[in-house]
Amino acid sequence: MEETRKIELSVRELVEFVGRKGDIDVRFSRSDPDAMQEGAKLHRKIQKEQGSAYRAEVNLSQEVFEEYDGESMILAIDGRADGIFEARLLDAAEKQGQSAIIVKDFSDKEKAEGQADRGLWFIDEIKTTYRDVDSLTEPVEVHLSQAKCYACIYAKDNDLDIVGVRMSYCNLENEHKKFFYYIYLNEELSVWLKAMTHEYSKWMAWQIKWERKRNAAIRELEFPFPYRDGQKNLVIGVYRTISRKKKLFLEAPTGVGKTISTVFPAVKAMGEGLTSKLFYGTAKTIARTVAEEAFSIIKDSGVLMKTVTITAKEKICVLEKPACNPDECPRAKGHFDRVNDCVYDMLCSEEGITREKIISYAEKHNVCPFEMCLDVTTWADAVICDYNYLFDPNVYLRRFFADGPERDYVFLIDEAHNLVERAREMYSAVLVKEEFLAVKKMVGSSDYLHKKLSGAIEKCNRQMLDLKRQCEDFAVWEDSDSLFGSLLTFMGVYESLPVSFRVEDQELLSKLYLDVRHFVNMYQSMDDDYSVYSDYSEEGSFRVTLRCMDPSKPLKQCLKRGRSAIFFSATLIPVKYYISQLGGTEEDYAVYAPSPFSKEKRLIAVARDVSSKYTRRGQGEYEKIAEYIKTFVSAHQGNYMVFFPSYKMMNDLCSVMGEMYIDEISFDEGFDTNNTGEKKEKNRICFIKQKPGMTENEKESFLGSFDGANTGTHVGCCVMGGIFGEGIDLRADRLIGAVIVGTGLPQVCYERELFRNYFDEKNGSGFEYAYLYNGMNKVLQSAGRVIRTADDRGAILLLDERFGTTQYQNLFPQEWYPFNYVNRQSLKSLLDGFWAE
């Protein structure tokens, strides 16, 4: 007989999973005011208005025993009621006047007689909204279901035969309220809740059986490869971090096997019951592929695991363009009525979860594959996804991270150096004045509702115009409350619109609303780690930006949702910077994994007689740099990359090289070297350039040209920090050398200077935080394209006088030592000796 399993779940989890039904319809997305600061304030105000006998924020819990398919379990349901009070139903309703609606929800009508005059205990469920509460005719079903759960628990705990529920809705702008009163028999509520928990137990029984099989297989799992030097210590370090509920910041150069070295111990921790779910966060698609390969290796070792990769809606949608509403998408109609059966069918029928299977089962049950994929994550052992689904306040997976107790999740954050800038963007917000004006004109004033919405948008536009008149180029604002008030009004009008409301471009209106909602949410959580400023885009559009300067606080809050986090990258230098920006503490761990590759197979050369500084750029400096590049790529036939700090410098230098070496080099089509039409000779060095906004086919074609079987020398000109600056894996002869032109520092601008001033005041490291670390990370990532395996051999040339200073060399990885200083005369002999070996 298997042990009875105790399963913790919140009231919200239960009712939202079992009780959901209806259509997908995002035409008028509604915010969740209760999750916003303004909603929380109004929540507390309503509670205080109820008097001293009113008990606010009452924790309630109940354990329900269930059996299903031979599995015994205890569902430990918990939640927090907004309020509990005692009153006669009629007296309570009379206080609310016409805003109260009384509903006696008895199936046994005889037992309902006389209950209106009886003193009852009421569970109060408060919901704040921007909608017109006077237009409400009934509560939202999931809201009422939550309150009924609380009422059932409270009635049982206090031996009540009858209990009341009050649904309290309040408008955030005008604070108008509407109340719905219900009275229930305890025995009927108990039957209703039992049906909910029994349906949930079906899923839990499946999960218990699955976890039993999975954990048994994991306990037999051995590391799938022979350990490289230092790799076993790395694996042990990850496991200990998880077991001790800490965070680990891991710098692991290429070749260490960092992906499998983090996935393996995390899976082992799952087998020991330390974690129930792994979240593997990535910044780019290529990293998700690497994660999938690592989990596939684990599965090939005999482990049963269900992993799911969240695919972008646009890539998996059955329509040419997503239109998530029942009028335009047949699968949106009644989606929530069918999706649970769809997911359960796939879980019981399939061992593994793939994108193809999700698409197949979604078609079988006529549901949206994207929304189904999100539902599958609830039952998956590991979820591979973009950072957004873990940290972005707009799209994070609410089913795991919205509320309830802290969980035992483990976060594996790949290429973690990318998360700093990504997080700053997630917690920042931008509004563009011209977009308000365009939407206002599009909405028009054909009737009352259109005129009302247009007026609310115009109010925002006027506030933006007022700020614009005070901003010549750039302005920092200490107070923008007047704009905030106008934005709240627009949200209120938008959210009160009926679902049938239509405009010419519904998507344009929806985008403006979502931008405003995000701005409002960020504004309400703004503290000293934010700056509000206005400026103009390159096209001349006026913008107001709420910029998150330091994302560590919100990231730390996100990470509290799990037990442990592993941040890993080849370029977490300096690690203290990343610990400070990614929500780490002094109690967390940092580990450097030495490179397993032979230093004899890598050449690092530094030239100190050239510079990419703006004050030095010109024909003379470019000719010296061009000579270095030509010497470097001529020393040994093969494939090379040259990384530049910008497209402009890349194009300018290519022009200089084309003029200097007109008989020795050629460029791909589209680059005019005054040699157009001349047939390329086989002995020429062929250059190909990255272009802005390349399509997927163009990217593949660019990388495909780096062929180990090339008969001549092939040079790719790329931009540091761009699509070819990291995440590409050109092994062996596909890439044998890289030239790094400049230090990669971001261009000096108003926003970067804001960062500099902010961190100068905070820790005295303004230049480092705003410029240096960002630029050097691009340098390290670009150089990391060379030497991907133990058999590779390659050379790296750093071109900038600043690479010769201690400030920059302190950021060199350990495997770069020793390196060689060179000039234009000594470079050739150094390379000749290296390649001769």
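Contact, as I shall use the word, means heavy atoms within 4.5 Å. Good morning. The structure before you is a predicted model, in which local features need pLDDT of at least 70 and side-chain atom pairs count only at pLDDT 80 or more, while totals for chains, interfaces and linings use all residues. Residues are numbered from 1 along each chain as its sequence is written, and side-chain values use heavy atoms, with hydrogens and water left out.

Let me begin with one residue, G716. Leaving aside neighbours within four places in sequence, G716 is in contact with Y640, M641, V642, I688, F702 and F706. The C-alpha atoms of G716 and M641 are separated by 4.6 Å, although these residues stand 75 residues apart along the chain. Is G716 buried or exposed? Buried means under 20% relative accessible area, exposed means over 50%, and partly exposed lies in between, using a 1.4 Å probe and protein chains only. G716 has 0% relative accessibility and therefore counts as buried.

G716 is found in strand 23. Helices (H or I, at least four residues) and strands (E, at least two) are DSSP runs, numbered from the N terminus. Two strands pair if DSSP finds at least two bridges between them.

I turn now to the sheet. Which order do the strands take? The sheet is open, has eight strands and follows the order 21-22-23-20-24-25-19-26, with parallel pairing. At its edges are strand 21 (665-667) and strand 26 (820-822), each of which pairs on one side only. From one strand to the next, the twist averages 20 degrees.

Some of the pairings deserve detail. Strand 22 (residues 685-689) runs parallel to strand 23 (residues 714-719), and four bridges join them. Within strand 23, C717 is the residue opposite K689.

Two helices pack on this sheet. For the angles, axes are lines fitted to C-alpha atoms, for helices over the stretch in contact, and angles run from 0 to 180 degrees between N-to-C directions. Helix 23 (residues 647-660) touches strand 20 (639-644), strand 21, strand 22, strand 23 and strand 24 (737-741), and its direction makes about 140 degrees with that of strand 21. Helix 26 (residues 766-783) touches strand 20, strand 24 and strand 25 (794-799), and its direction makes about 165 degrees with that of strand 24.

Strand 24 merits a closer look. How many of its residues are buried? Five of the five are, and strand 24 is mostly covered. In a regular strand the side chains alternate between the two faces of the sheet. In strand 24, G737, V739 and V741 lie on one side and A738 and I740 on the other, and both faces are covered. Strand 20 and strand 24 run parallel and are joined by four bridges, with V739 as the bridge partner of V642. Strand 24 also pairs with strand 25, in the parallel sense, over five bridges, and there A738 stands opposite I796.

Strand 9 (residues 278-282) is my next subject. Five of its five residues are buried, so strand 9 is largely enclosed by the rest of the structure. Strand 9 runs parallel to strand 11 (residues 382-386), to which five bridges join it, and L278 stands opposite A382. Four bridges join strand 9 to strand 12 (residues 410-414), also in parallel, and here F279 stands opposite F411.

One residue of strand 9, Y280, is touched by T259; not counting residues up to four places away in sequence, T259 also touches V290, A291, A294 and F568. T259 lies in helix 7 (residues 258-271) and, at 13% relative accessibility, counts as buried.

Helix 7 packs against helix 5 (residues 186-219) at an angle of about 125 degrees, with their axes 8 Å apart. Why are they called oblique? Angles under 35 degrees count as roughly parallel, over 145 as roughly antiparallel, 65 to 115 as roughly perpendicular and the rest as oblique. Helix 5 and helix 7 are therefore oblique to each other. In this packing, R214, N215, I218 and R219 of helix 5 meet V267, K268, M270 and G271 of helix 7.

I close with a second helix pair. Helix 22 (residues 619-634) and helix 28 (residues 826-836) pack at about 20 degrees, with axes 9 Å apart, and are therefore roughly parallel to each other. Their contact is made by Y628, T631 and F632 of helix 22 together with L827, K828 and L831 of helix 28. Thank you.
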